[in-house]
Amino acid sequence: MLLSLGERSNQVSTLALNMSSELRYTANTQLEHLHARYTGTGHADISKYDWVTHQHRDTLASIVGHPTLTSYLAIADGEAIGRVRFEMTERMLQPCGPPPRKDDD
C-alpha cells in the first residue's frame, strides 16, 4: 500500500506529537521520582530558609559520612574525631537556626 505525500506527512507529525507527549510524561515522572528520592532537591515554592537548611544538612551529612573529611576537620580543630562527628550530627537538627516566623495575614 503506497501512501501519498500528504498522508505520509500527517502520519509523521502524529508520530512526532505522540513521542513529544511521551517524552514530556517521562521527564515529569523522572522529576517526581527525584523529588521523592532526594528530599532536598526542592521545588518552585520552596522558601529560602528551607533550601539553605537542606544544603547545610546535606553538607553536614556528607562530612559525617566520609571518615577522611571528619578526620581532616578533627585535626584542623584539634578535637577528637568522635567529638567532631557528634557536633556535626547535633548541628543537623537546626543547621540554620530556628525557622522564621510565618505571617498569618
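How much area does the chain expose, and what share of it do carbon and sulfur atoms supply? The chain exposes about 9000 Å². Carbon and sulfur atoms supply 58% of that area. The model is predicted.

**Overall layout**

The chain holds four helices and zero strands. From the N terminus on, its elements run α-α-α-α. Of the 105 residues in the chain, 11% are buried. Consider the contacts between residues at least 6 apart in sequence: 49% of them join residues at least 24 apart.

**The core**

Six residues form the largest nonpolar core. They are Leu-60, Ile-63, Ala-74, Val-84, Met-88 and Met-92. Helix H2 (48-65) supplies at least two residues of this core, and so does helix H4 (81-91). In soluble globular proteins, nonpolar side chains tend to be buried together. Leu-60 is one of the core residues. Beyond the residues up to four places away in sequence, Leu-60 touches Met-88, Arg-91, Met-92 and Pro-95.

**Where H2 meets H3**

Helix H3 covers residues 67-77. H2 and H3 pack with their axes 5 Å apart, at an angle of about 95°. Angles of 65 to 115 degrees count as roughly perpendicular, so H2 and H3 are roughly perpendicular to each other. On the H2 side, the contact involves Ser-62, Ile-63, Val-64 and Gly-65. On the H3 side, Pro-67, Leu-69, Thr-70 and Leu-73 take part. The residues of this contact divide into five nonpolar, three polar and no charged.

**Two residues compared**

Thr-70 and Cys-96 make a useful pair to look up in the structure. The table gives their places and accessibility.

| Residue | Location | Relative accessible area | Class |
|---|---|---|---|
| Thr-70 | helix H3 | 1% | buried |
| Cys-96 | segment after H4 | 28% | partly exposed |

Is Thr-70 buried or exposed? Its relative accessible area is 1%. Buried means under 20%, so Thr-70 is buried. Leaving aside neighbours within four places in sequence, Thr-70 is in contact with Ile-63, Val-64, Ile-81, Val-84 and Arg-85. Among these partners, Ile-63 and Val-84 belong to the largest nonpolar core.

Cys-96 lies in the segment after H4. At 28% relative accessibility, Cys-96 counts as partly exposed. Which residues does Cys-96 touch, not counting those up to four places away in sequence? They are Tyr-49, Val-52, Thr-53 and His-56. Gln-55 and Cys-96 are 41 residues apart along the chain. Their C-alpha atoms are separated by 10.0 Å.

Key: Residues are numbered from 1 along each chain as its sequence is written. This is a predicted model: local features need pLDDT of at least 70, side-chain atom pairs count only at pLDDT 80 or more; totals for chains, interfaces and linings use all residues. Side-chain values use heavy atoms; hydrogens and water are left out. A nonpolar core is a set of buried Ala, Val, Leu, Ile, Met, Phe, Trp, Tyr and Cys residues joined through side-chain atoms within 4.5 Å. Buried means under 20% relative accessible area, exposed over 50%, partly exposed in between (1.4 Å probe, protein chains only). Contact means heavy atoms within 4.5 Å. Axes are lines fitted to C-alpha atoms, for helices over the stretch in contact, and angles run from 0 to 180 degrees between N-to-C directions. Angles under 35 degrees count as roughly parallel, over 145 as roughly antiparallel, 65 to 115 as roughly perpendicular and the rest as oblique. Ala, Val, Leu, Ile, Met, Phe, Trp, Tyr, Cys and Pro count as nonpolar, Asp, Glu, Lys and Arg as charged, and the others, Gly among them, as polar. Accessible areas come from the Shrake-Rupley method with a 1.4 Å probe; for residues, only the protein chains shown count as cover.
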